Number of protein chains: 2
Amino acid sequence: MTKALQILREHGVQPTPQRLAVLEFIQKSQTHPSADDVYSSVRRTCPTVSRATVYNTLNLLAEKGVIKTQLLRERGLVFDAHVHRHHHFIDEETGQIHDVPWEAVQIHAGDGLSKFEIREIQVVMRGKRRP
Amino acid sequence: MTKALQILREHGVQPTPQRLAVLEFIQKSQTHPSADDVYSSVRRTCPTVSRATVYNTLNLLAEKGVIKTQLLRERGLVFDAHVHRHHHFIDEETGQIHDVPWEAVQIHAGDGLSKFEIREIQVVMRGKRRP
DNA sequence: GTTCGTGCAAACGGTTTGCAACAAT
DNA sequence: ATTGTTGCAAACCGTTTGCACGAAC
């Protein structure tokens, strides 16, 4: 795993214990945590941290491109340490969100899209994970 | 446009003025309205309608498959009269959401996805609409 | 000493829920 | 009479904001 401290510095974000804890949790979590997931986890190692700080940090990190927000749950954003392009699969039964590598899906945008300048493209798949 | 009254009956939803107004607005709106957009509009023709009724109706219609909820805006769901499969393009400057016909994008899910049983697949594109 | 980060609490916006009145069957 | 629908208000949940304290340069 890339060092959180180093990443913060590289992005011009002053490292603080809170920010390190937030980033480290998102980096190590395979799920796509909500702000509250982050809050709960960070609270364990840093029991005085406030929700405001967690939200501030998440917004700051997203702004700086350290993490990415995703619109994949009905209630609220989730956060993703993978900032490179990739897709998502959502298990409709468990609600779990899985990353899908970019190369696993081939997309070809055909005609009828000439009126759009596509800057970002993402595939969202839903279904159930095979046993 | 398909008759709202008929659609409600076909889906076993008892037609009421409120429900008709909600469905008709969603059907005729080319944008993807939020619950509040629906509320504001329906209020004009039916000034006593309550937010609760609008939300109840939207949830009911979505449950019955008359409309579809989409997770495309940071704050809250949007509603779509198009229940057949299609994609979306979001203009990052205006926030406008455009429907993209299913055939306009070709998707090929390759290997590495065998562990997922894909029941639904949707492409979300972002960028800016060409002038 | 000024700037930046934190923590608290209050506010906010979208959505849901409990409930009483009121149709509709 | 029973069931389903409405409207109101309050609650709820995720998120943002205002502000005062404290730390860092």
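A polar contact is a pair of N or O atoms within 3.5 Å, and within protein one atom must be able to donate a hydrogen and the other to accept it, while residues adjacent in sequence count only if both atoms are side-chain atoms. The model is predicted, so that local features need pLDDT of at least 70 and side-chain atom pairs count only at pLDDT 80 or more, whereas totals for chains, interfaces and linings use all residues. Residues are numbered from 1 along each chain as its sequence is written, chains are lettered from A and ligands numbered from 1 in the order in which they are written, and side-chain values use heavy atoms, with hydrogens and water left out.

**Exercise 1.** Find which protein atoms lie 3.0 Å, 3.3 Å and 3.1 Å from phosphate oxygens of DNA strand C.

*Solution.* Start with chain A, where a polar side-chain atom of A:Arg19 lies 3.0 Å from a phosphate oxygen of DNA strand C. Next, A:Ser50 places a backbone N or O atom 3.3 Å from a phosphate oxygen of that strand. Finally, in chain B, an N or O atom in the side chain of B:Asn59 is 3.1 Å from a phosphate oxygen of DNA strand C.

**Exercise 2.** Describe the protein surface near DNA strand C, where near means that a heavy atom of the residue lies within 4 Å.

*Solution.* First list the residues: there are 18 around the strand, and A:Thr16, A:Gln18, A:Arg19, A:Thr48 and B:Tyr55 come nearest. Then sort this surface by type, which gives six nonpolar residues (Ala, Val, Leu, Ile, Met, Phe, Trp, Tyr, Cys and Pro), two charged (Asp, Glu, Lys and Arg) and ten polar (the others, Gly among them). Last, ask which helix, that is, a DSSP run of H or I with at least four residues, numbered from the N terminus, gives the most; H4(B) does, with four residues.

**Exercise 3.** Work out how chain A and chain B meet.

*Solution.* Begin with contact, meaning heavy atoms within 4.5 Å: 37 residues of chain A are in contact with 37 residues of chain B. Then count the salt bridges (a side-chain nitrogen of Lys or Arg within 4 Å of a carboxyl oxygen of Asp or Glu), of which there are six between the two chains. In one of these, the side chains of A:Glu117 and B:Lys128 meet at 3.2 Å, N to O. To finish, look at the strands (DSSP runs of E, at least two residues): S5(A) and S5(B) pair, with at least two bridges needed for pairing, in the antiparallel sense over five bridges, and A:His108 has B:Gln106 as its bridge partner.
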